[in-house]
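This report introduces a helix and the internal cavities of a protein model. The reader is invited to consult the sequence and the structure shown below.

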Amino acid sequence: MPYLALTLAMFLWSSAFIALKYVFEYYSPLAVLFARMAVAALCLLPLAMGGRISWQYRKGDWPWLLAMGLAEPCLYFLFEANALTLTSASQAGVITATLPMLMAAGASLFLHERQPRQVWLGIALSFAGVIWLSMDSRAGPGAPNPPLGNALEFCAMVCACGYVLIAKRLSTRYSPLAITGIQAVTGSVWFGLAMLTPWGVWPAKLYLLPSLWVLYLGAVITLGAYGLYTWAVSRIPVAKAGAFNNLIPVFTVFLAWLLLGERFEAWQAAAGALVAGGVWLSQLRAA
């Protein structure tokens, strides 16, 4: 079940790149992020009032909870939202391939998880497939500055790594819904305050389809994907869970071709197969 949850979470996160690329044409990034977090928090409110969200607060947890919320969604979404205004959805998805290596290294250093050889080999193999996918990076109407956009997306991956490591540390005392709720509330406050600054641009007009996509981002992606991922990470090693992140570029390239009209060629399918093979290898039991 954790592996099924991870695969579904990766697909949902891939669709978020497409949705964000679309809604940013109608609303400012800050407005979208605030609405996304507010929707997620409102969806969790009935569960919290019904006592269905459990946690066991321990003295000294608050700095970790604050750091987790700041890492993701606050800084993560800030970097990613700006990245998607500068690079293509498929290229942003490609940069997420650095996350498994960051997570594996972080788990070794901070969580003292020993990684079998085939985990590193599988991550390296899938990373090679992602590099292959990224060889077609170029500027265009929807990607005015891919190098800067990709650099911002990498900063987002560093924040995501911090979130996963802290969530793993707290998962013994906080349920996946509790961790997701803390992220939603922190993000709502963070981006709500940001909307009060000169950089916050409130929508002059609401559009039906983009607004529905914003609801999807908050209710399905923020709650669904983060809930599934946090639940899975609490049950398997961080490095093994991180390897699944390399499926995001594969799903993103396919969805960008299907929904945004971006190119999809035979060599991209071959690169995607290489990524999937690397993820499969990383999940094998050590001999």
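What span should the 19 residues of helix α8 have, and how far apart are its end C-alpha atoms? The model examined here is predicted. Helix α8 covers residues 176-194, and at 1.5 Å a residue it should span 27 Å. The expected span is 1.5 Å times one less than the number of residues. The end C-alpha atoms of α8 are 27 Å apart, which agrees with that expectation.

Several residues of α8 are buried, among them A178, I179, T180, Q183, A184 and F191. The buried residues of this helix pack against α2 (29-49), α3 (62-83), α7 (146-170) and α9 (208-233).

Attention now turns to the enclosed spaces. The model has 2 cavities of 30 Å³ or more, and they are set out in the table.

| Cavity | Volume | Nonpolar lining residues | Polar lining residues | Charged lining residues |
|---|---|---|---|---|
| Largest | about 160 Å³ | 13 | 2 | 3 |
| Second largest | about 40 Å³ | 5 | 3 | none |

The largest cavity is lined by 18 residues, and W13, E72, Y76, N245 and I248 lie nearest its centre. Two or more residues of this lining come from each of α1 (2-23), α3, α7 and α9.

The second largest cavity is lined by M37, P73, F77, T180, Q183, A184, T222 and Y226. Elements giving two or more residues to this lining are α3, α8 and α9. Helix α8 provides the largest share, 3 residues. T180, Q183 and A184, which belong to the lining of the second largest cavity, are also among the buried residues of α8.

Terms used:
Residues are numbered from 1 along each chain as its sequence is written. This is a predicted model: local features need pLDDT of at least 70, side-chain atom pairs count only at pLDDT 80 or more; totals for chains, interfaces and linings use all residues. Side-chain values use heavy atoms; hydrogens and water are left out. Helices (H or I, at least four residues) and strands (E, at least two) are DSSP runs, numbered from the N terminus. Buried means under 20% relative accessible area, exposed over 50%, partly exposed in between (1.4 Å probe, protein chains only). Contact means heavy atoms within 4.5 Å. On a 1 Å grid over the protein atoms alone, a cavity is a set of points where a 1.4 Å probe fits but cannot get out, and a pocket is an open set with protein on both sides within 12 Å along at least five of seven lines; lining residues have an atom within 4 Å of a point. Grid points are joined across faces, edges and corners, and a volume is the space filled by probe spheres set on the points. Ala, Val, Leu, Ile, Met, Phe, Trp, Tyr, Cys and Pro count as nonpolar, Asp, Glu, Lys and Arg as charged, and the others, Gly among them, as polar.
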